[in-house]
Amino acid sequence: MIDFRQELDFDAEGPILAMEDLCKSYQLGATELRVLREINLAINSGEYVAIMGPSGSGKSTLLNMIGCLDRPTSGDYRLGGQSVSVLDDDDLSMIRGARIGFVFQSFNLIAQLNVVENIEIPMYYQGYSEHESAERAEELATMVGLGERLRHRPSELSGGQQQRVAIARALANDPLIILADEPTGNLDSSSGAEILMILDRLREEGKTLIVVTHDEHIATRAERVIRLFDGRIDKEEFNTR
Amino acid sequence: MFIFRLKRTIKLGAKSLWMHRLRSTLTALGIIFGVSSVIAMLAIGEGASRDAQEKIAQLGSRNIIIRTIKPPEDQVAGGQQQTLMEYGLTYDDAERFQNGIPDVQVIVPNRRISQQALYRNRRVSLEVVGTVPWFPNISPTRIRFGRFLSTTDMHYKQGVCVLDERVVKELFAFDDPIGQAVKVGGDYYRVVGITTEQSKTPTSPELETKDATGAKKAAGANVGAMYVPLTTVKDRFGEMSMQISSGSGGTLERVELQEIIVQVQDVDMVMGTRQSVQTLLSRFHKKNDYEIVVPLELMRQAKDFQRIFTIVLGSIAAISLLVGGIGIMNIMMATVSERTREIGIRRALGAKKKDIVIQFLSETLILTLSGGLLGMALGALIPFFVTHFGQMRTVITGSSLILAFGISGAVGIAFGLYPAYRAANMDPIESLRHE
Ligand SMILES: Nc1ncnc2c1ncn2[C@@H]1O[C@H](COP(=O)(O)OP(=O)(O)OP(=O)(O)O)[C@@H](O)[C@H]1O
Ligand SMILES: [Mg+2]
């Protein structure tokens with residue numbers, strides 16, 4: 001097995017991820033549904049990028065592509081200088097586990113596991129020792145303000161707390177890229193604000209952050225806003241702070 | 001690290017099975033009953049076969065037993081109104097075996113006569129066995145006290161006897177039987193020894209139903225055997241046993257010997273000697289008035305029967321385990337589709353297909369192996385009750401336990417693999433979108 005921690009050269013000069021004429025289409029009967037069309041995109045390490053666009057414009061599809069959950073129909077996607085198309089399923093799993101942290105709109109915690117156990121999942125697949133992973137999971141839970149709720153089940157937590165667990169879980173393997181698909185979509189404004197503060201903090205720590213959102217307020221926090229329309233990059237805006 | 005993962009996997013599997021306790025239990029029941037019935041049936045089968053083997057082995061694997069049987073009516077010469085019926089083995093037969101068959105090493109002719117024995121005011125029915133001093137050599141009967149009949153007893157036609165333990169128990173309440181005189185048919189016999197109980201000798205199955213000699217017929221009512229020198233029996237009861245048979249209008253029956261036991265030197269000679277015995281007898285016996293019982297043959301038949309029994313049992317067990325396995329597969333398919341989203345989450349967080357396969361396969365294995373363990377416990381309990389209440393011998397062999405446990409593991413893998421494979425090959429994105 002190749003160790004992608006070494007194979008993918010994330011520290012090299014140039015963008016951490018790059019897409020070249022990337023297309024994704026679905027075959028629906030006789031018609032071809034083109035969800036992403038000729039996407040050309042480069043994101044540098046440590047950038048905070050927001051992806052916006054109307055519903056159905058392909059935001060989630062693009063994010064899944066970046067997160068190696070999906071493969072392009074055509075075009076090239078390079079992650080850390082390595083073309084993803086030559087990698088097999090195990091390699092992609094390895095990259096997802098070690099280099100990428102996912103945060104979903106619907107939290108996606110596992111119901112029968114408690115806070116610590118949920119945070120431990122990515123570490124389990126990376127082969128952490130029992131002691132190491134438990135310790136780190138508790139640390140992360142405390143960091144997102146859930147030090148008092150370590151043994152609670154997701155059903156015993158508020159939406160905001162659940163999303164904080166999800167963020168802690170996304171950070172478990174110390175990933176380079178955090179991908180969040182409408183992380184505040186299911187939250188009220190105050191819990192949403194807390195989540196955004198945590199994301200800001202991650203940005204300051206040097207993580208690459210890519211957030212899909214409908215919220216213009218969130219977009220203003222990002223350095224770059226990519227606007228999708230009908231599967232194409234319609235516009236790119238850079239915010240200066 | 002491997003231990004940690006194993007521990008985690010088992011903990012996780014146990015947890016999700018525990019979440020659906022009732023469902024898991026019902027699913028495991030199929031395996032529990034399958035495994036326990038395999039163990040129980042094998043134990044009963046093994047017990048029965050060992051019983052049979054031991055009984056037959058007691059007859060002696062080097063022995064050939066030739067018995068007098070009453071010939072079928074229509075074979076009797078003359079047909080109607082027969083007043084005297086002569087049949088059965090003779091002293092001449094014994095002599096011919098001795099001289100005519102080279103492999104014969106020991107020969108034991110027996111007279112068996114049903115009689116009443118009297119000691120003080122006690123009276124029991126027993127079987128007088130007129131035999132020779134070397135009888136114990138070819139029989140499982142062992143001396144407990146005193147001695148067996150001697151050549152001197154034989155030579156001088158002594159009025160001595162050896163009793164078996166059951167007769168002693170019935171006849172002598174508190175007295176020491178050795179040296180006491182027991183009265184049988186008007187004569188007294190001095191007790192010189194006590195032997196172990198006489199073992200019931202099974203006949204070949206096809207002859208079981210046919211009417212055997214009077215002595216044998218009454219054997220059920222007799223408490224045991226009284227061994228007397230053959231010469232003494234000849235002297236006191238006459239050359240032949242006379243019996244008034246109850247059927248066919250008061251026929252008188254004359255039989256010289258009820259039994260001749262022949263022993264050969266080596267097991268390999270048994271079948272050949274049986275053939276010679278058969279040939280010799282058919283030359284001198286016009287009527288079908290004897291049967292030849294070969295314990296070795298019975299032993300082989302018992303083994304064959306056991307093999308068939310095992311095959312039938314195996315098929316039944318296989319079917320029941322198949323049904324159990326299908327039940328498990330069904331539940332695992334349901335579990336996988338219920339937990340589609342969990343699978344998507346795990347895949348997004350770095351689980352490889354292999355990890356998902358291991359997760360679901362180990363869940364199935366936990367289910368079937370714990371079912372197997374419970375089935376083993378239950379399967380060990382059933383034979384215990386069968387032995388206790390059914391008075392049947394049962395033997396649980398280690399190999400049957402290992403087999404049953406192995407089967408439950410194999411069922412887990414065979415029926416868990418497909419659901420696990422389905423789980424692993426689900427598209428992560430689709431799974432994440434699944435409600
Ligand atoms: N498996 C699929 N098969 C067919 N079409 C699909 C599939 N997955 C997504 N699509 C289509 O791709 C398009 C883009 O979907 P996507 O989820 O990326 O939109 P989105 O921008 O995230 O929308 P929203 O803001 O509502 O989440 C939609 O029209 C959707 O119907
Ligand atoms: Mg979306």
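Start by selecting ligand 1 and H214(A): an oxygen atom of the ligand lies 3.4 Å from an N or O atom in the H214(A) side chain. Keep in mind as you go that this is a predicted model.

Stay with ligand 1 and add T61(A), whose side chain has an N or O atom 2.6 Å from a ligand oxygen. Now bring in chain B, since the ligand lies between chains A and B. There, select R433(B): an N or O atom of its side chain is 3.4 Å from a nitrogen atom of ligand 1. Overall, the protein covers 70% of the 640 Å² of accessible area that the ligand has on its own.

Next, show the shell of 16 residues around ligand 1; S55(A), G56(A), K59(A), S60(A) and T61(A) come nearest. Colour the shell by type and you will find 5 nonpolar, 7 polar and 4 charged residues. Helix 2 of chain A gives the most, with 3 residues.

Now move to the aromatic rings, which form 9 pairs over all chains. Select F135(B) and F148(B), a stacked pair with centres 6.1 Å apart and planes at 20 degrees. Both residues sit in loops, on either side of strand 5 of chain B, so their pairing ties together parts 13 residues apart in sequence. F135(B) and F148(B) are both buried. Add Y227(B) to see the cluster that ring pairs make of these three.

For another stop, go to helix 9 of chain B, where F305(B) and F309(B) lie 4 residues apart, about one turn. F305(B) counts as exposed at 57% relative accessibility, while F309(B), at 31%, counts as partly exposed.

Finish at R96(B), whose charged end sits over the ring of F284(B), 3.5 Å from its centre.

Technical notes: Residues are numbered from 1 along each chain as its sequence is written. Chains are lettered from A and ligands numbered from 1 in the order in which they are written. This is a predicted model: local features need pLDDT of at least 70, side-chain atom pairs count only at pLDDT 80 or more; totals for chains, interfaces and linings use all residues. Side-chain values use heavy atoms; hydrogens and water are left out. A residue is near a molecule or strand if one of its heavy atoms lies within 4 Å of it. A polar contact is a pair of N or O atoms within 3.5 Å; within protein, one must be able to donate a hydrogen and the other to accept it, and residues adjacent in sequence count only if both atoms are side-chain atoms. Accessible areas come from the Shrake-Rupley method with a 1.4 Å probe; for residues, only the protein chains shown count as cover. Helices (H or I, at least four residues) and strands (E, at least two) are DSSP runs, numbered from the N terminus. Ala, Val, Leu, Ile, Met, Phe, Trp, Tyr, Cys and Pro count as nonpolar, Asp, Glu, Lys and Arg as charged, and the others, Gly among them, as polar. Rings of Phe, Tyr and Trp (its six-membered ring) pair if their centres lie within 6.5 Å; planes under 30 degrees apart count as stacked, over 60 as edge-to-face and the rest as tilted. Buried means under 20% relative accessible area, exposed over 50%, partly exposed in between (1.4 Å probe, protein chains only). A charge sits over a ring if NZ of Lys or CZ of Arg is within 6 Å of the ring centre and within 35 degrees of the ring normal.
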